[in-house]
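Here is a walk through one structure, taken element by element. Please keep the sequence and the coordinates at hand while reading.

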Amino acid sequence: MKRERILQFGALLWLMSVWILLWGNVSWGNILGGLAVGAIIMVLMPLPRVPVEGRVHVLPLLRLAVMFVYYSLQSSLQIAWLALRPGPPPVTGVLRYQLGIKSDLVLTLCIDVLNLIPGTMVLEIDQVRRIVYVHVLDMGSQKAVSQFYRTVAQLERLFVEAFERDSDWKPSPWHNRDQQYDDPAQEGSS
């Protein structure tokens, strides 16, 4: 219960900070107004509970952040080259990748990172089988396709190391709850 209160207090401070930034100056009126607006938002529009099923490991998280910046810069340069080089436009397409990520929260974070890397856009997610379908800007060579698969595999490995190590994994009571309703084999047994 204490952890939940700390998170709520942090969210209230965040909403107050956004309010102050929107008004453009720090004053007692803006601080109190931000707290009031934040409290109203938290009461009228509460966020759903998100199960946390692992632990955060700081060093792999830092490596993940560094690799994200590296991949973003690398793909930005590749996109710039594709835009400036003479010749026909690049061959684009959709590639499929099955992720080994167990948690919906970590899956969402991984999808967000994939979407933020220039040249890729996740088009569809098969949540049950953990398959993502990703539009890739440059599929003109086997080297480019292999580079995409290496990038996603490394991001997946870093996400698992940072958030989902088997030694720390504790599925929440809500884990796979939605999948039970989608599985026809489970419906007949209920």
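In this predicted model, strands S2 and S3 (residues 131-136) run antiparallel and are joined by 6 bridges. One residue pair shows where they meet: Thr120 has Val136 in S3 as its bridge partner. The two strands belong to an open sheet of 3 strands, ordered S1-S3-S2, in which the pairing is antiparallel. Strand S1 (93-98) and strand S2 (120-126) are the edge strands, and each of them pairs on one side only. From one strand to the next, the twist averages 25°.

Two helices can be placed relative to this sheet. Helix H4 (residues 104-116) lies across S2 and S3, and its direction is at about 150° to S2. Helix H5 (residues 142-163) also packs on the sheet, where it touches S1, S2 and S3. The direction of H5 makes about 35° with that of S1.

Another contact is between two helices. Helix H1 (residues 2-23) packs against helix H2 (residues 28-44) with the axes 8 Å apart and at an angle of about 130°. An angle of that value makes H1 oblique to H2. The crossing of H1 past H2 is right-handed.

Which residues form this contact between H1 and H2? From H1 come Gln8, Ala11, Leu12, Leu15, Met16, Trp19, Ile20 and Trp23. They meet Asn30, Ile31, Gly33, Gly34, Leu35, Val37, Gly38, Ala39, Ile41 and Met42 in H2. Sorted by class, the H1 contact with H2 holds 13 nonpolar residues and 5 polar ones, with no charged residues.

Key:
Residues are numbered from 1 along each chain as its sequence is written. This is a predicted model: local features need pLDDT of at least 70, side-chain atom pairs count only at pLDDT 80 or more; totals for chains, interfaces and linings use all residues. Side-chain values use heavy atoms; hydrogens and water are left out. Axes are lines fitted to C-alpha atoms, for helices over the stretch in contact, and angles run from 0 to 180 degrees between N-to-C directions. Helices (H or I, at least four residues) and strands (E, at least two) are DSSP runs, numbered from the N terminus. Angles under 35 degrees count as roughly parallel, over 145 as roughly antiparallel, 65 to 115 as roughly perpendicular and the rest as oblique. A crossing is left-handed if the near helix is turned anticlockwise from the far one by less than a right angle, and right-handed if clockwise. Contact means heavy atoms within 4.5 Å. Ala, Val, Leu, Ile, Met, Phe, Trp, Tyr, Cys and Pro count as nonpolar, Asp, Glu, Lys and Arg as charged, and the others, Gly among them, as polar. Two strands pair if DSSP finds at least two bridges between them.
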